[in-house]
2 protein chains.
Amino acid sequence: MNMFIKGNQVRGHLETMVLSVLESEESHGFDIVKRLEAAGDGSLNLKEGTVYPVLYRLEDAKLLKAKWEENDSGRKGPRRKVYSLTAKGRKQLEAGRNEWKAFVNVVGGIVGGLS
Amino acid sequence: MNMFIKGNQVRGHLETMVLSVLESEESHGFDIVKRLEAAGDGSLNLKEGTVYPVLYRLEDAKLLKAKWEENDSGRKGPRRKVYSLTAKGRKQLEAGRNEWKAFVNVVGGIVGGLS
DNA sequence: GCATAATACAAGTTGACACACAGTACCTAG
DNA sequence: CTAGGTACTGTGTGTCAACTTGTATTATGC
């Protein structure tokens, strides 16, 4: 009964998904993965090794900025790299949402039953 | 102001799209491309070189069957290979539609704005 | 016969994602 | 104090579907 969304199907949408997750709240890589997983309710099957490269690409493209958060508060684990949207990233998110809508309309129009 | 849907974004959905197009009416490769293009209203940018391999895959997987239609009616062009859905293909189309719905729900839930 | 249109197919390239690790830091249990 | 678990960040190699471009076949019209 587990329906997994195939990796190929998120191709080209992952970047917008990551930007979306970061819109409401900045966070670090590991947390982003968990938030995406939670949002997908188990049907997304994202690994860190998939998401980190996306983050680098987005940072390179100046859509995200990152700062290191040292571990001085006694929590577990090493330091984290906290990502947040830049102005450019926010603009790109807008564009990505429009692309998403167009995509859903077109593909949905075909797949959803067309005379 | 032409908005093109990026190739990567249809990845993993093209097969279901092709099956959908063939559900209403059997047709041959070149026509399938044109019907997809028409359905996408110019925003899909599919080439024959993209669609034919999909058809081979689907035929290999017994989701489509093909028959040659010789050119004896005086129309232009060489003979055509006419594809139609098999029973298995129809079943797969159902599954593909469900996948599509799940995909739209999950990704739409993330991209479309999430608290 | 040459251009053009309709149709099928082939070959090589790309690039985002998958997979499977490797490395670092801290905490707790025994 | 050390073993194991958990929280993180990385990396390197492969895959495979989609892209690009080009070619082959048949018929019509000039």
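Is Asp31(A) buried, exposed or partly exposed, and what is its relative accessible area? In this predicted model, Asp31(A) is partly exposed, at a relative accessible area of 21%. Its salt-bridge partner is Arg35(A), with 3.9 Å from N to O. Arg35(A) is likewise partly exposed, with a relative accessibility of 21%. Both residues belong to helix H3 of chain A, which covers residues 29-39, and they lie about one helical turn from each other because they are four residues apart.

The pair in helix H3 is part of a wider set, as the count over all chains comes to 16 salt bridges. Another of these contacts involves both chains. Here the side chains of Lys6(B) and Glu99(A) meet, with an N to O distance of 3.0 Å. Lys6(B) sits in the segment before helix H1 (7-10) of chain B, while Glu99(A) is in helix H5 (residues 87-111) of chain A, so this salt bridge joins two chains. The two partners can also be described by their accessibility. Glu99(A) is buried, with a relative accessible area of 15%, because buried residues are those under 20%. Lys6(B), for its part, is partly exposed at 44%.

A further salt bridge lies within chain B, where Lys67(B) meets Glu26(B) and the closest N and O atoms are 3.3 Å apart. This contact links distant parts of the chain, as 41 residues separate the two partners. Lys67(B) belongs to strand S2 (residues 64-69) of chain B, and Glu26(B) to the loop between helix H2 (14-24) and strand S1 (27-28) of that chain. Lys67(B) is partly exposed, with 47% relative accessible area, and Glu26(B) is partly exposed too, at 39%.

Turning to the strands of chain A, three of them make up an open sheet in the order S1-S3-S2, paired in antiparallel fashion. Strands S1 (27-28) and S2 (64-69) of chain A each have a single partner strand and stand at the edges, so one side of each has no neighbour in the sheet. The pairing of S2(A) with strand S3 of chain A, residues 80-85, is antiparallel and is made by six bridges. Within the sheet, Trp68(A) is found opposite Lys81(A), a residue of S3(A).

Definitions and conventions:
Residues numbered from 1 in each chain as written. Chains lettered and ligands numbered in written order. Predicted model: local features only at pLDDT ≥ 70, side-chain atom pairs only at ≥ 80, totals over all residues. Heavy atoms only, no water. Pairing = 2+ DSSP bridges. Salt bridge = Lys/Arg side-chain N within 4 Å of Asp/Glu carboxyl O. Buried < 20%, exposed > 50% of the residue type's maximum accessible area, 1.4 Å probe, protein only.
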